[in-house]
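Please look through the structure below, and then follow the explanation that comes after it.

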Amino acid sequence: MSKQVKAWGATSPEKTEPITITRRAPDDEDVGIDIKYAGICHSDIHTVRSEWREISYPLVVGHEIAGVVSTVGKNVTRFKVGDHVGVGCMVNSCRQCSNCHDGEEQYCSSNLVLTYNSKDPKDGSITQGGYSQYIVVDQAFVLRVPESIPLDKAAPLMCAGITLYSPLNHWNAGPGKTVGIIGFGGLGHMGVKLAKALGSEVTVFSQTNSKKELGFQLGADDYVATSDPDVFSRLSQKFDIIINTVSAEIPLDLYLSCLRRDGTLVQVGAPKDQLRISPHSLYARRIGVNGSMIGGIAETQKMLDLCGEKLIFPEIETIPASYIDEAYERVMKSQVQFRFVIDISTM
Ligand code: NAP
Ligand code: ZN
Ligand code: ZN
């Protein structure tokens, strides 16, 4: 049976409010999940403010979902009622293209179904995200949350965690590698923890020194405030990998000057504006500029298992649903340490 559930939806670019949405009846492959916590990703804000493209309101966003299985379809083998599970940015894909075959469903070339604002091939509706009490997801896109990870802290791993883990993994961060993380926010702080757990040396590039102590507490080996122009000459040609998590345009040539020969800048931040890079920054030391989007399902599970084993958790501030608009304002001012997580029981 389909189900009416409470949710918190964006009704305009400036406002979220309580609404009711309908979740489809679970089919044989589906898992019904009672959502307990949902993280607030900056992508939620870009989306509801129509910064990437115009959206139709109301829309329920949220793709850092953690909850408990409450129903399973008859073909569901991987989950049972009561299991702790998570859902990230995608809820389906074509499963046939070469990218899906390679376990890189996030790059599906034919039909990637995002957790919100995509057309759901199962019922033709527009997908609605995790700021809600319940969701129905095909078992192939549901993640197991290890017992050692509390559900509130599991939520941000579903996007912020995997979005940093995947490029670190792909570009071989590990012992002997120097990693720079630009932007010490939701994604950035997970980058510090994960790069450290993989054995690399990590430097935080933040706008100011206001989070310096926290940076060292979370494992950074160095922390610089980019408001001081001298940092770029001090860190010249130091890094193998720099990951840019910033949600706005920044002067990338300065950061490229900090890469060694054959170093890589990985763009994960998704500002609405174009990136500008001088060709001289690239050819000087065979520099690579790449992008990375979340990670595949198997890779996300691997990241969750690693976080469960090494007890790598995000730093969170738990909020009631009624605080979402204020939380968005604080994210815009970088006034959160480091991820807001909505307690869905407050809906
Ligand atoms: P966030 O918590 O707001 O973190 C972004 C950080 O960037 C801020 O904490 C701030 O760090 C820095 N920053 C913000 N504005 C800046 C400016 N004008 N100049 C310099 N630095 C600035 O956001 P998030 O949730 O981590 O997401 C970051 C970006 O990644 C967003 O654009 C989001 O859409 C994107 N994203 C991409 C993927 C993907 O798969 N590629 C996945 C998730 C999110 P300091 O305070 O340290 O300066
Ligand atoms: Zn996200
Ligand atoms: Zn595909």
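**Two domains and a zinc site**

In this predicted model, 14 residues of domain 1 are in contact with 18 residues of domain 2, contact meaning heavy atoms within 4.5 Å. Domain 1 covers 3-159 + 314-346 and domain 2 covers 161-291, bounds that come from an automatic or database domain assignment. The C-alpha centres of domain 1 and domain 2 are 27 Å apart.

Between domain 1 and domain 2 an area of about 1400 Å² is buried, 57% of it given by carbon and sulfur atoms; buried area is the accessible area (1.4 Å probe) that two parts lose on being put together, summed over both. There is 1 salt bridge between domain 1 and domain 2, where a salt bridge is a side-chain nitrogen of Lys or Arg within 4 Å of a carboxyl oxygen of Asp or Glu. Glu315 forms a salt bridge with Lys193, and their closest N and O atoms are 2.5 Å apart.

Turning to the metal, the zinc ion (ligand 3) has as its protein donors Cys94 (SG), Cys97 (SG), Cys100 (SG) and Cys108 (SG), which lie 2.3 to 2.4 Å from it; donors are N, O and S atoms within 2.8 Å of the metal (3.2 Å for Na, K and Ca), and water is not among the atoms, so sites may look incomplete. Along the chain, the donors of the zinc ion (ligand 3) follow the spacing C-x2-C-x2-C-x7-C. The site of the zinc ion (ligand 3) is tetrahedral, with angles of 103 to 120° among its 4 donor atoms, four donors counting as tetrahedral if all angles lie between 85 and 135 degrees.

Residues are numbered from 1 along each chain as its sequence is written, while chains are lettered from A and ligands numbered from 1 in the order in which they are written. Because this is a predicted model, local features need pLDDT of at least 70, side-chain atom pairs count only at pLDDT 80 or more, and totals for chains, interfaces and linings use all residues, while side-chain values use heavy atoms, with hydrogens and water left out.

Note on methods. Four donors count as tetrahedral if all angles lie between 85 and 135 degrees; four count as square planar and six as octahedral if opposite donors are over 155 degrees apart and all others between 65 and 115; anything else is irregular.
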